[in-house]
2 protein chains.
Amino acid sequence: MKAKTESYASQHRERHLEELKELLRIPSISTLSEHKKDVHRCAEWLSGALTHAGLENVEIMPTAGLPIVYGDWLHAPGKPTILVYGHYDVQPADPLDEWHSEPFEPVIRDGKIYARGATDDKAQLWIHVKAAETFLKAVGSLPLNIKFILEGEEEITSPSLAPFVEKHAEKLKADAIVISDSPMLERGKPALLYGLRGVAGVEIEMLAARNDLHSGLYGGGVPNAVHALAGLLDSFHDEDGRVAVEGFYDRVIQLTEQERGELARVSQDEGKIREDLGLSELFGEKGYTFTERTTARPTLEVTGISGGFAGEGIKPIVPARASAKIACRLVADQRPEEIFELIERHVAVHTPSGLKASVKRVLQGNPFLTPADHPVMVAAAAALEEAYGEKTALTRGGGSIPIVDVFERLLQAPVVMMGFGLPDENLHAPNEHFDLDNFDKGLQAVCVFWEKLDNQ
Amino acid sequence: MKAKTESYASQHRERHLEELKELLRIPSISTLSEHKKDVHRCAEWLSGALTHAGLENVEIMPTAGLPIVYGDWLHAPGKPTILVYGHYDVQPADPLDEWHSEPFEPVIRDGKIYARGATDDKAQLWIHVKAAETFLKAVGSLPLNIKFILEGEEEITSPSLAPFVEKHAEKLKADAIVISDSPMLERGKPALLYGLRGVAGVEIEMLAARNDLHSGLYGGGVPNAVHALAGLLDSFHDEDGRVAVEGFYDRVIQLTEQERGELARVSQDEGKIREDLGLSELFGEKGYTFTERTTARPTLEVTGISGGFAGEGIKPIVPARASAKIACRLVADQRPEEIFELIERHVAVHTPSGLKASVKRVLQGNPFLTPADHPVMVAAAAALEEAYGEKTALTRGGGSIPIVDVFERLLQAPVVMMGFGLPDENLHAPNEHFDLDNFDKGLQAVCVFWEKLDNQ
């Protein structure tokens, strides 16, 4: 079967790329209202492309915002079902004068296709569409059931996605969600992003007297809100750089020795990181490397603080109020709601008597983790390895990708982040491009992945 | 002699008050440039008044700003010399519509004279001028040597006073400096303010990475400037509310049991203070009362803090810089220069490795203390007691009065702060007034004070 798909993909490569160029010519910029009709046009174009690829039940589904293109092929009873997510909207092309060719007139140079949206995310979603076509035309069927949803609002933080997925949860039900919208480790080295951190953000306000007081008349005699806040903030970490909030680590899934080995393999040199950041030393929880601390360990960071008079010169007051903002990055299986409670308890315990502190919950997102030994991950890693002839790196990210949270939370299925972009493909910048070697190997990897899922 | 002075003062009271009204009619507002000529006119008027009182060598001495009026009487060889300081400039009268009578058309109602500058400081300086006249006319001589300097820039923080005193230090040399520009404890209860706190103000900046870093990518892996600053600020105090900067208290003159008794006698009820400030608890160095902590003990207060992003919402960063402003209030014999050094050392020791902290010295002033058992204080207290028939309260202030520092530092003589104002005489506010009972008793007290100094 592999021979059939490879041969089909190779024979139809020229056409596949010509079609990709058509897709890239549509300036589907979701951030600019004057391009709204282009975004709609792009959805139309994609619905035609899905049908042409052999997918069924293709429809342009409305949302409160820009439409989502749906299509499926569900004729493999008893086989797994995967949901492929991609987005067809793009960032604006500015600054235009830094482009070497027109952002919406794709050209191929040195095996790379240049255009706005090339790597983010049009060529990556196109790989999956063409993989479906390849199977359906070359083999006559797919080795599993597949559903596509292609979004038009990713670059404006996907406001309609969660309601859409929630509303259509039954229709979108799948055994795994596959997303190709992240980078490989480097050229020729495939990667699977299997973990992301969640977030829990709070604002803390510390209140002392009714008003700021003159430090000559009251200094030394009354509580100082900044002192109390500084003491509280200092209490959030112990001497080993660990978060000292009771219970904070209770739900943290520990790194296995194998994972640590994997992360070490993909880690940047810490000396280089220090130099880039202008730091003489890195910092954090003892016993973990920089990469582990920033991707697989949770953290509590004060992101901002203010209190008293911070203008020019010194205003001699005892400040009556001070506030701080905190962003915790969470890892599986921590839950923002629980972390909020633990922080609230910590604040209550560490507020000196005579002062009042309040905690406001302002930001939350779940961490993401598809265990590296999950069958769907094992299949994905093996498929990539087969296509690239290189071991697949298993990486974790320190930030959050809200759509991943949406799918995990609402569809309760593992997410596979199988990215085919490269870190230097100028995403969101002039001269965005996509390496066609990854189009070919990616298409091959996706086909192998599907077959492997079939055989599990 | 006392009979003679009392009788003269009483006979000439009407004229003294008419003259005071003339002085109060001059709108010598130093803060408003359009009143510059009124300030000069006031200096002219006062030079005439000093001459008329019998003082000699009267002159209007120029400064870089507004003039200082000088006059002396130095015919008591072997007797002490005192320097009397007062200021003839006043605050603006706004808001005008809240005055019950014209601010610069003095009227006497219920034994009080109403006008801008009545209590601050024209009536108070007038007491000393008329005391000199009383002695010189009724007795023919003064019991000691006296020098007057009357300033026209006190309400604009006396920018020319220090250079003036420094330049004329020999001419102004005295055994004691007497200032009547502070309040009595309350009606009928005389007070001597014998201590004020000095100040040492610094700005601390904490620097981590070259720029703010994304908390998703770097959180948990790099130093956070706000965390480091919070830890540093928290290290400034120990659990007993004492300043934990090594050596901070080394030069602090301890309160005597007698002083503590005096301060207790004049202290406000702490329950009342709490209520006024909206606090459930007061706070500060263990083992001292609120009044002691805010007047006779030094303090270190963070007056302002900023770092990271403090706008609306949470910007998920690891802040690269944070800064705090600190104002220490100092007591005798602490010296700002030494405190700066101690703080700098403390900051160096408490800055975590990997971060850089800097300390900028921005504000300094010496504390003031004339020991309560100093002969000049004993004489002043006895004179007030004699005039008022009430024990003189010995009080300390928690703030700073820069002119006191100037005199102590540059003339190296004890300062006696013998105020005749009342706390509710609307200084700097509409309907400023001065109680004429304190004009009469004040004049008598000053005369007795001079005689007592003579007899020491």
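How many of the residues of helix α14 (residues 402-411) of chain B are buried? I looked this up first and found 7 of its 10, so I noted the helix as mostly covered. A reminder to myself before going on: this is a predicted model.

**Entry: helix α14 of chain B**

I wrote down the buried residues of α14(B): B:Ile403, B:Val404, B:Asp405, B:Val406, B:Phe407, B:Leu410 and B:Leu411. I then stepped past the end of the helix and met B:Gln412, which takes a positive phi of about 50 degrees.

**Entry: chain A as a whole**

Next I turned to chain A for an overview. I count 15 helices and 18 strands in its secondary structure. Along the principal axes, its C-alpha atoms fill a box of roughly 85 × 50 × 45 Å. Of its 456 residues, 59% count as buried. I also checked how far along the chain its contacts reach: among those with a separation of 6 or more, 80% are between residues 24 or more positions apart.

**Entry: where the chains meet**

I moved on to the interface. Here 71 residues of chain B are in contact with 71 residues of chain A. The buried area between the two chains is about 5,200 Å², and carbon and sulfur atoms give 57% of it. For polar contacts I find 40 residue pairs across the interface, both partners at pLDDT 80 or more. For salt bridges between chain B and chain A the count is 0.

Which element gives the largest share of the side of chain B that touches chain A? I traced it to strand β11 (residues 299-308) of chain B, with 10 residues. By class, that side of chain B has 30 nonpolar, 27 polar and 14 charged residues.

I looked at the β11 strands more closely. Strand β11 (residues 299-308) of chain A is joined to β11(B) by 5 bridges, and the two run antiparallel. One position I marked is A:Gly304, which stands opposite B:Gly308 in β11(B).

**Entry: strand β6 of chain B**

Is strand β6 (residues 145-151) of chain B enclosed or open? I find 7 of its 7 residues buried, so the strand is largely enclosed by the rest of the structure. Both faces are covered: B:Asn145, B:Lys147, B:Ile149 and B:Glu151 are buried on one side, with B:Ile146, B:Phe148 and B:Leu150 buried on the other. I was pleased to have Lys147 and Glu151 of chain B on my list of buried residues here.

I then followed its partners. Strand β2 (residues 68-73) of chain B pairs with β6(B) in the antiparallel sense over 5 bridges, and there B:Val69 stands opposite B:Leu150. Strand β3 (residues 81-87) of chain B pairs with β6(B) in the parallel sense over 7 bridges, and there B:Thr81 stands opposite B:Asn145.

**Entry: helix α4 of chain A**

Back in chain A, I checked helix α4 (residues 118-139) and found it mostly covered, with 19 of its 22 residues buried. A:Asp121 lies in this helix, and the peptide bond leading to it from A:Asp120 is cis, with omega near 15 degrees. After the helix comes A:Gly140, whose phi is positive, near 95 degrees.

**Entry: two side chains in chain A**

Where is A:Asn366? I located it in the loop between β14 (356-365) and β15 (368-369) of chain A. At a relative accessible area of 16%, it falls under the 20% cut-off and therefore counts as buried. Its side chain is joined to that of A:Asp405 by a polar contact of 3.2 Å. Beyond its sequence neighbours within four places, A:Asn366 is also in contact with residues including A:Arg197, A:Arg335 and A:Arg409.

I then picked A:Arg260, which sits in helix α9 (residues 257-266) of chain A. It is partly exposed at 24% relative accessible area. Its C-alpha atom is separated by 7.6 Å from that of A:Glu292, 32 residues apart along the chain. Neighbours within four places left aside, A:Arg260 is in contact with A:Leu255, A:Gly287, A:Tyr288 and A:Glu292.

**Entry: backbone oddments**

I closed with a few backbone angles. The peptide bond from A:Ala332 to A:Asp333 is cis, with omega near -5 degrees; A:Asp333 is in the loop between β13 (321-330) and α12 (336-349) of chain A. A:Thr157 has a positive phi, near 65 degrees, and counts as exposed at 67% relative accessibility. B:Asn426 has a positive phi too, near 55 degrees, and is partly exposed at 30%.

Conventions. Residues numbered from 1 in each chain as written. Chains lettered and ligands numbered in written order. Predicted model: local features only at pLDDT ≥ 70, side-chain atom pairs only at ≥ 80, totals over all residues. Heavy atoms only, no water. Contact = heavy atoms within 4.5 Å. Buried area = accessible area lost by both parts, 1.4 Å probe. Salt bridge = Lys/Arg side-chain N within 4 Å of Asp/Glu carboxyl O. Polar contact = N/O pair within 3.5 Å; in protein donor to acceptor, adjacent residues only side chain to side chain. Helix = DSSP H or I, 4+ residues; strand = E, 2+ residues; numbered from the N terminus. Nonpolar A, V, L, I, M, F, W, Y, C, P; charged D, E, K, R; others polar. Pairing = 2+ DSSP bridges. Buried < 20%, exposed > 50% of the residue type's maximum accessible area, 1.4 Å probe, protein only.
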